[in-house]
Amino acid sequence: MVTSRWTAASAQTASPRRRGVVLERAILDAALEQLSTVGWNGLTMEGVAAGAQTGKAAVYRRWPSKEDLVADALRAGLPTFESAPDLGGVREDLLELCGQARDAMFSRPGFALRSVIHECDSLQAERFHGVIFDGVVEPTIRLLREVITRGIERGEVRADAANGYVFDAIPAIMMYRSKMCGSEWNDRDIEEMIDQLMVPLLRPTGP
């Protein structure tokens, strides 16, 4: 009698078996967690399966390789930036945009992405080129272009500033200082970058 009661109680409290998109989401989340904590080199399919509380076979059925799994995890996890801020001035817009970029960099998907960029060899990195370009590079450049073009139309920004070198400046320095200097890009750091680098760079020249 005691055994039957225990069995019934266990059946009621046991979590339902996850399938389909629910299980896939759990696996992708576990992959991001592994990337953000142990990095690319430490990530294993077995560790992801354990983190998702599923069997290794369930992972391999969906993703035959570590590269395939990580690519999909990054696509699913990277934040999206729909539109550029429009706060009335190029300085304020850049401050807001850089704050959003900082938050994305230090989110779990951001740590995961940086572990891939920093740890993969050149052959492995090729596998993620499209993910990084489509998910990070292109959206960042698009929003910077919006902000700078709007500044040109208002007369705040020099007319020839909408070019690739200017668009690269903010992402390049944020990634460099994050990796090489350990900068976490607090609000003061962002303000200094905008005021000491971007505002002078964008300011129109005299008549």
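**Entry 1. Terms and model**

I take contact to mean heavy atoms within 4.5 Å. With that settled, I looked up Phe128, and I found that Phe128 touches Trp40, Glu67, Val70, Ala71, Leu74, Val116 and Cys120, leaving aside residues up to four places away in sequence. I note at the outset that this is a predicted model.

**Entry 2. Overall form**

I turned next to the secondary structure and recorded 11 helices and zero strands. Along the sequence, the pattern reads α-α-α-α-α-α-α-α-α-α-α.

I then looked up the dimensions. The chain has a radius of gyration of 22 Å, whereas a compact globule of 207 residues would have one near 17 Å. Along the principal axes, the C-alpha atoms fill a box of roughly 95 × 40 × 30 Å.

For contacts with a separation of 6 or more, I noted that 71% join residues 24 or more positions apart.

**Entry 3. Surface and charge**

I recorded that 36% of the 207 residues are buried. The chain exposes about 11900 Å², and carbon and sulfur atoms supply 54% of that area.

I also looked up the charged side chains. There are 24 positive and 29 negative ones, and the centres of the two sets lie 9 Å apart.

**Entry 4. Nonpolar cores**

In soluble globular proteins, nonpolar side chains tend to be buried together. I therefore looked for such groupings here, taking a nonpolar core as a set of buried nonpolar residues joined through side-chain atoms within 4.5 Å.

The largest nonpolar core has 30 residues, and those touching the most other members are Ile27, Leu69, Val70, Leu74, Val116 and Phe128. Two or more residues of this core come from each of helix 2 (20-42), helix 3 (45-51), helix 4 (56-62), helix 5 (66-77), helix 7 (108-119) and helix 9 (129-154). Helix 2 gives the largest share, nine residues.

A second core is separate and has 26 residues, including Val90, Leu143, Val157 and Val166.

I returned to Phe128 at this point. Among the residues that Phe128 touches are Val70, Leu74 and Val116, and these three are also listed with Phe128 among the members of the largest core that touch the most others.

**Entry 5. Asp86 and Asp93**

I asked whether Asp86 is buried or exposed. Asp86 has a relative accessible area of 52%, so it counts as exposed, the cut-off being over 50%. Asp86 lies in the loop between helix 5 and helix 6 (90-105). Beyond four places in sequence, Asp86 touches Asp93, Arg150 and Arg154.

I followed that contact to Asp93, which lies in helix 6. Asp93 has 0% relative accessibility and therefore counts as buried, since buried means under 20%. Leaving aside residues up to four places away in sequence, Asp93 touches Pro85, Asp86, Leu87, Gly88, Val147, Arg150 and Arg154. Arg150 and Arg154 thus appear in the contact lists of Asp86 and of Asp93.

I also noted a separation in space: Asp86 and Ile173 are 87 residues apart in sequence and 23 Å apart, C-alpha to C-alpha.

**Entry 6. Positive phi at Gln53 and Trp185**

Most residues other than glycine have a negative phi. I therefore looked for exceptions to this tendency.

Gln53 has a phi near 55°, which is positive although the residue is not glycine. Gln53 is found in the loop between helix 3 and helix 4 and counts as exposed at 69% relative accessibility.

Trp185 also has a positive phi, near 55°. The place of Trp185 is the loop between helix 10 (164-180) and helix 11 (187-202). Is Trp185 buried or exposed? I found Trp185 to be buried, with 3% relative accessibility.

**Entry 7. Thr80 and Ala169**

I looked up Thr80 in the loop between helix 5 and helix 6. Thr80 is exposed, with a relative accessible area of 59%. Thr80 and Ser183 are 103 residues apart along the chain, and their C-alpha atoms are separated by 23 Å.

Lastly, I looked up Ala169, which lies in helix 10. Ala169 counts as buried because its relative accessibility is 18%, and buried means under 20%. Between Ala169 and Met198 the C-alpha distance is 8.2 Å, with 29 residues separating them in sequence.

Key. Residues are numbered from 1 along each chain as its sequence is written. This is a predicted model: local features need pLDDT of at least 70, side-chain atom pairs count only at pLDDT 80 or more; totals for chains, interfaces and linings use all residues. Side-chain values use heavy atoms; hydrogens and water are left out. Helices (H or I, at least four residues) and strands (E, at least two) are DSSP runs, numbered from the N terminus. The radius of gyration is taken over C-alpha atoms; the globule rule is 2.2 Å times the number of residues to the power 0.38. Buried means under 20% relative accessible area, exposed over 50%, partly exposed in between (1.4 Å probe, protein chains only). Accessible areas come from the Shrake-Rupley method with a 1.4 Å probe; for residues, only the protein chains shown count as cover. Lys and Arg count as positive and Asp and Glu as negative; His and the chain ends are not counted. The place of a charge is taken as NZ of Lys, CZ of Arg, CG of Asp or CD of Glu.
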